[in-house]
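These are my notes on one helix and its surroundings, followed by the chain as a whole.

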Amino acid sequence: MRSFDKRQIVLLFFGMGLLFPCFAWIVELSKPGIEFSLSGIIEIHKKTPVLMILDFVPIVFAVMGYLVVQKKEDMQVQFDCIQAQLSNQTENINRVATFAEKIGNGNFDVDIELDESDTLGNAMQNLRNKIYENNRKESLQNWEMVGKDKINQVLRKHNDVNILAYEVLEELINYIDTVQGVFYIFDDDSEKLYISASYAYNRRKYLKGEVKVGEGLVGQAAIEKDIVHRTEIPEYYLSITSGILGEKKPDSIIIVPMFMEEKLQGAFEFASIRHFKPHEIEFLKNIAEIVAQTIYNLKITKKTEKLLKESQEMTQELKKNEEELKQNTEEMRLTQEELKKTNINLEDKIEEVNQSQKRLYSLLENASELITIYDENKTLKYVSPSVKNILGYTEDDMFAGKDFDRTNKKGQNTINKMFEDLKKYPDQPQKIQYTYLNKHGSIMFLETTGRNLLHDPAIKGMLLNTNDITERKRAEKEQRMRGQMQTLSDNSPDIIIRVDLNRQFFYANPAIECYSELKSEEFHRKHLNVVDLREEITTFIDQTVEEVIATKQKVQKEISFPFNDDKRIINANAIPEFSEENRLETVLFILHDITDLKKIEQEIKEKNAKITDSINYAFRLQNAILPSQKLIKTIFPDSFMFYLPRDIVSGDFPWLYEKDDDVYIAAIDCTGHGVPGAMLSLIGYFLMNQIVSHSEDISPGLVLDQLHRGVQKTLKQDESDASARDGMDIALCKINMKNMELQFSGAHRPLYLVREGELQEIKGAKSAIGGIPRPGKPEPKFENHTMKIRKGDTIYFFSDGLPDQFGGPEGKKYFPKRIKKNVIELKDAPMNQIMAFFKNDYLKWLGDKKPIDDVLLIGIRF
């Protein structure tokens, strides 16, 4: 069948479409009145517009013909592609089948050309790789098992370490196909590795040598407990020499240490002209563990055999000694029977001596006197057992050489003088008294009588007899004190009486006669109810005795009663008195007339109230003229003032003055505190106002110069007979926020500027404001410091009350360095938080101590 091309088919479809308009023209032209001409054709199109649509039908048919041809060509191309893909797929399947058949026959080296889209081929290739890897691992495992079996056979055959070493080394060199090896055995005694066997090129070598642990590659492997494998051979390493290779350095060496229970047993060293494979290295590592176990067992066996042999030799020797002992035993038995008879007699005599010694020791131990013997150098030679009961020390404590150190300096001098007198007058006994510290830490009085018996062969020393006279001294002291107390109470203006629990008087001093018609002696042994005393006193004594009986404690009260047209106030103390058995026996009353003291106390209270009212009024005046925290915050919103006067009124005060665009602000510390300091603060306040208000654009330095002269003039310190040395310290700032400029001048006070986390200290002059001028010394000049301020800068100035305050755990000063540290650490904190911190830190530092001065600290952030 003939095939048409694309142009012919389009023309055919165009011709077919042309039939429709031609047929329509013929039908319309055949109607009457219409000519078959161009004008007729135009006329019929005007009358029948549908003809215009039919005129486009040929074009539509031509386009349809073109699309049909194009679709046919596209289908043919798709058909050809599918045909080619089927052909390629069939070819790939055949190639994969051939590849699979070769793999099945065990040929794993075969390759196949594949593209990424060949899923089946890639899967078969991955399968080939996994089968190959599994076969390779299985082959290596079989190879390792065979090698282990061979080594185990060698290990089972030999008990000698050296033979075993050679056989194992030979088997390993042949099995892993290397050329040279050395077997090291570790000696536990010398802690060195010794060459036990060496082998190279199928021949035994007789090398000798030793290696310390940590030296060389072998020692390094031993200390690191790990394999050393080198493919870069050091220059000093030995060369391999053979008839075929000549002299050549090995390409690879491996050193395998052998450990058993973390203990070194030996090491392998192999050299090869090829590189060791990973499975060979792992094989040698496993073999090292097996061989280490065997060497360890052989060493244990060898030690056991040695000990067994020594034990057998000792057994033979013991048998010989046993025979000799039997003979000696018989001889000793006969000797012992004779000794028993002798010992019976000796024991009786020893018992008598022991009983005598015990009696003597018991007598000395329980004696009320301490006996000691010293040589002429005052070294103790003997102390009697009674030292335990008298001084509390043991005999060993006394022989420790500190017997005389337990008395004071005066006692030591007394003892030393006694020894000197005994040497000087050997025939005269010496008696001394001194205090001594016993074992329980109590002071006791001792009396010692010393005798020089150096000439006596039984003593040969200074014999000291010491008695405890503490109770005697205490009784003497009590007697003296009782006499002194009697004298004091008899002459005391206070009423002193002693009554027992039945209200019977045992003592009354003469002062009681002011409130009774009886003499003081007449109160003795009389009952409370029968003596002539005021009812208030009698009732108080009766009730207080009951209270003391109930509480066993001291009672203190105030009682008042009318007396001779006046009111008397008595401060009464009732003191319980106990017997030696801690039983309440009597109550001692001391009645002190405090009427006059109460009157004076009332007058002082009234005067203090008036003074306090005056000071409070001065406080209100001072607060009225001084700038408040609110005023300072109005001018400097980001600021604070920590102001804490020591007393009601303060000698430290803030000062602030506004003039045009300038703001003057200062922290001023006047001499003293309280009222004197407040008076001086008023002088400083008004002088500062006068100086700044009467001057145009005056700097802080000039303000301080004029203030210095003004204070001297006001306090008349510039006159010849001046005595007032008062003055003030000051930190004065002049701030112009329009120009962002700060001027500062100080007298004994600094300014701290914190900028970008760093602190700058601008120190003030080392001179104070005011004071008496010194002849020949020039008056101070206060330096003026000018600087530009930036946004975020913070300044601090303060009086000396904060840094000079004592406190803290060690009672030291607060110090300026603590202020510096705090302002740096709080550089980013809000100003109200900084103020709260300083307040809390100051109060914590102060603790229970009293403030020594007023405190003023001002901080401003720009």
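I looked up the packing partners of helix 19 in this predicted model. I found that its buried residues pack against helix 18 (816-825) and against five strands: strand 20 (639-644), strand 29 (794-798), strand 30 (806-807), strand 31 (812-813) and strand 32 (855-861).

I then asked which residues of helix 19 are buried. I listed Met831, Ile834, Phe838, Asp841, Tyr842, Trp845 and Leu846 as buried. Viewed down the axis of helix 19, these buried residues fall within an arc of 130°, so I recorded them as lining one face of the helix. On the other side of helix 19, I noted Asn832, Asn840 and Lys844 as exposed.

Next I checked the length of helix 19. The helix covers residues 831-846, and at 1.5 Å a residue its 16 residues should span 22 Å. I read 22 Å between its end C-alpha atoms, which agrees with that expectation.

I also looked at what comes after the helix. Glycine 847 follows helix 19, and I noted that its phi is positive, near 60°.

Finally, I turned to the whole chain. I recorded 19 helices and 32 strands in the protein chain. Of its 862 residues, 38% are buried. Among contacts with a separation of 6 or more, I noted that 56% are between residues 24 or more positions apart. The protein chain exposes about 53200 Å², and I entered 53% of this area as supplied by carbon and sulfur atoms.

Terms used. Residues are numbered from 1 along each chain as its sequence is written. This is a predicted model: local features need pLDDT of at least 70, side-chain atom pairs count only at pLDDT 80 or more; totals for chains, interfaces and linings use all residues. Side-chain values use heavy atoms; hydrogens and water are left out. Helices (H or I, at least four residues) and strands (E, at least two) are DSSP runs, numbered from the N terminus. Buried means under 20% relative accessible area, exposed over 50%, partly exposed in between (1.4 Å probe, protein chains only). Contact means heavy atoms within 4.5 Å. Accessible areas come from the Shrake-Rupley method with a 1.4 Å probe; for residues, only the protein chains shown count as cover. The expected span of a helix is 1.5 Å times one less than its number of residues. The arc is that of the directions from the helix axis to the C-beta atoms.
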